[in-house]
Amino acid sequence: MNHDASRPAPSPPRRTRAIVLLILAVLGLTGAAYVLRRPLMMSAPMCAAGRWHGCFDTFNGVVLMTLATLPVALLVAWALARRRRSAGLRSAWRLSLAEVGMVHGTVPFVWMTMMPGGGAGVVPARVSLVPLRDLVTMGPLGIVGNLLVLAALGFFAPMRFAASASLPRILALGAGCSILIETAQYVLRLDRVSSVDDVLVNAAGAVLAALASRRWWRTTTGAPSDPPRPTPAPAAAGRVA
């Protein structure tokens with residue numbers, strides 16, 4: 001009589017886990033918006049009026065617009081997932097969320113790193129190549145911000161591309177993207193210090209985020225957007241007279 005009771009409970013379906021994960025992400029973003037509501041509201045009038053100055057050239061304005069466009073990003077992910085599911089593809093939601101998440105979670109932070117300072121174009125470009133020297137001047141807020149620059153890329157890239165599903169490759173990807181950002185800051189003379197510590201912290205953020213999504217990594221190669229090809233029918237054994 002206790003034979004059925006000894007069996008392990010069935011695991012929840014994947015759709016339920018995805019919904020729970022999505023709800024937790026929305027709750028986390030809602031909590032962050034509530035905590036940061038005062039600084040974000042400082043840029044709300046400028047963003048609502050569609051003004052560039054005071055909205056897209058400030059950290060608060062970029063964060064506010066990122067949160068405001070989150071429903072649009074989820075709608076795009078839903079449309080992509082529906083198209084993939086109609087084509088009979090597996091993991092449609094995972095691939096679609098990964099594609100949208102990489103863009104929506106990375107572009108705003110890269111935009112903020114490319115904002116010019118007060119002496120842009122006038123102050124000579126500066127470079128700091130001594131490791132760990134600038135960590136003290138960054139402060140806790142600066143370190144957290146640098147960890148988040150490429151976190152979305154590290155989180156979602158292994159879910160979308162099987163070729164990047166390893167920690168060394170994510171580390172190389174994060175370091176390479178960060179080097180490109182620091183090089184652009186130096187070439188454009190944005191009144192920012194191109195620091196090796198920024199590269200280290202940005203790459204570390206990508207690796208930490210990749211560890212958080214390790215259970216959803218894509219481990220098989222192939223073109224996920226191509227519909228399945230029909231199996232050719234076997235050739236006839238002989239011709240009919």
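## Salt bridges, a pocket and a surface patch in a predicted model

Glutamate 99 and arginine 84 are joined by a salt bridge whose closest N and O atoms are 2.6 Å apart; the term denotes a side-chain nitrogen of Lys or Arg within 4 Å of a carboxyl oxygen of Asp or Glu. This pair links distant parts of the chain, since glutamate 99 belongs to helix 6 and arginine 84 to helix 5 (residues 70–86), with their positions 15 residues apart in the numbering. The model is a predicted one, in which local features need pLDDT of at least 70 and side-chain atom pairs count only at pLDDT 80 or more, while totals for chains, interfaces and linings use all residues. Residues are numbered from 1 along each chain as its sequence is written, and side-chain values use heavy atoms, with hydrogens and water left out.

Glutamate 99 has a further partner: its side chain also meets that of arginine 160 in a salt bridge (2.6 Å, N to O). Here too distant parts of the chain are linked, with arginine 160 in helix 8 (residues 151–160) and glutamate 99 in helix 6, 61 residues apart. Glutamate 99 and arginine 84 are both buried, as is arginine 160. Buried means under 20% relative accessible area, exposed means over 50%, and partly exposed lies in between (1.4 Å probe, protein chains only).

The structure holds 3 salt bridges. Another of them joins aspartate 191 to arginine 126, with the closest N and O atoms 2.9 Å apart. Aspartate 191 sits in the loop between helix 9 (167–188) and strand 2 (193–195), whereas arginine 126 is in strand 1 (residues 126–128), so that this pair, 65 residues apart, links distant parts of the chain. Aspartate 191 counts as partly exposed because its relative accessible area is 23%. Arginine 126 is likewise partly exposed, because its relative accessibility is 36%. Through shared partners, salt bridges join Arg84, Glu99 and Arg160 into one network.

The elements named above belong to a protein with 10 helices and 2 strands. Helices (H or I, at least four residues) and strands (E, at least two) are DSSP runs, numbered from the N terminus. Along the sequence, the pattern reads α-α-α-α-α-α-β-α-α-α-β-α. Of the 241 residues of the protein, 31% count as buried.

The backbone in the loops also deserves attention. Most residues other than glycine have a negative phi. Aspartate 191, which is not a glycine, has a positive phi of about 60 degrees. Serine 91, also not a glycine, has a positive phi of about 55 degrees. Serine 91 lies in the loop between helix 5 and helix 6, and it is partly exposed because its relative accessibility is 31%.

Helix 6 reappears in the description of the second largest pocket. Rolling a probe the size of a water molecule over the atoms shows where empty space is left. On a 1 Å grid over the protein atoms alone, a pocket is an open set of points where a 1.4 Å probe fits, with protein on both sides within 12 Å along at least five of seven lines; lining residues have an atom within 4 Å of a point. About 210 Å³ of space lies in the second largest pocket, the volume being the space filled by probe spheres set on the points. Its lining consists of Phe56, Val62, Met65, Thr66, Thr69, Val103, His104, Val107, Pro108 and Trp111. Helix 4 (59–68) and helix 6 (92–113) each supply at least two of these residues, and helix 6 gives the largest share, 5 residues. By class, the lining has 7 nonpolar, 3 polar and no charged residues. In this classification, Ala, Val, Leu, Ile, Met, Phe, Trp, Tyr, Cys and Pro count as nonpolar, Asp, Glu, Lys and Arg as charged, and the others, Gly among them, as polar.

On the surface, Ile19, Val20, Ile23, Leu24 and Leu27 form a nonpolar patch with about 470 Å² of accessible area together. Patches are made of residues with over 30% relative accessible area and no salt bridge; nonpolar side chains (Val, Leu, Ile, Met, Phe, Trp, Tyr) are joined within 5 Å, and like charges within 9 Å. Accessible areas come from the Shrake-Rupley method with a 1.4 Å probe, and for residues only the protein chains shown count as cover. Within this patch, isoleucine 23 is found in helix 1 (residues 14–35) and is partly exposed because its relative accessibility is 46%.
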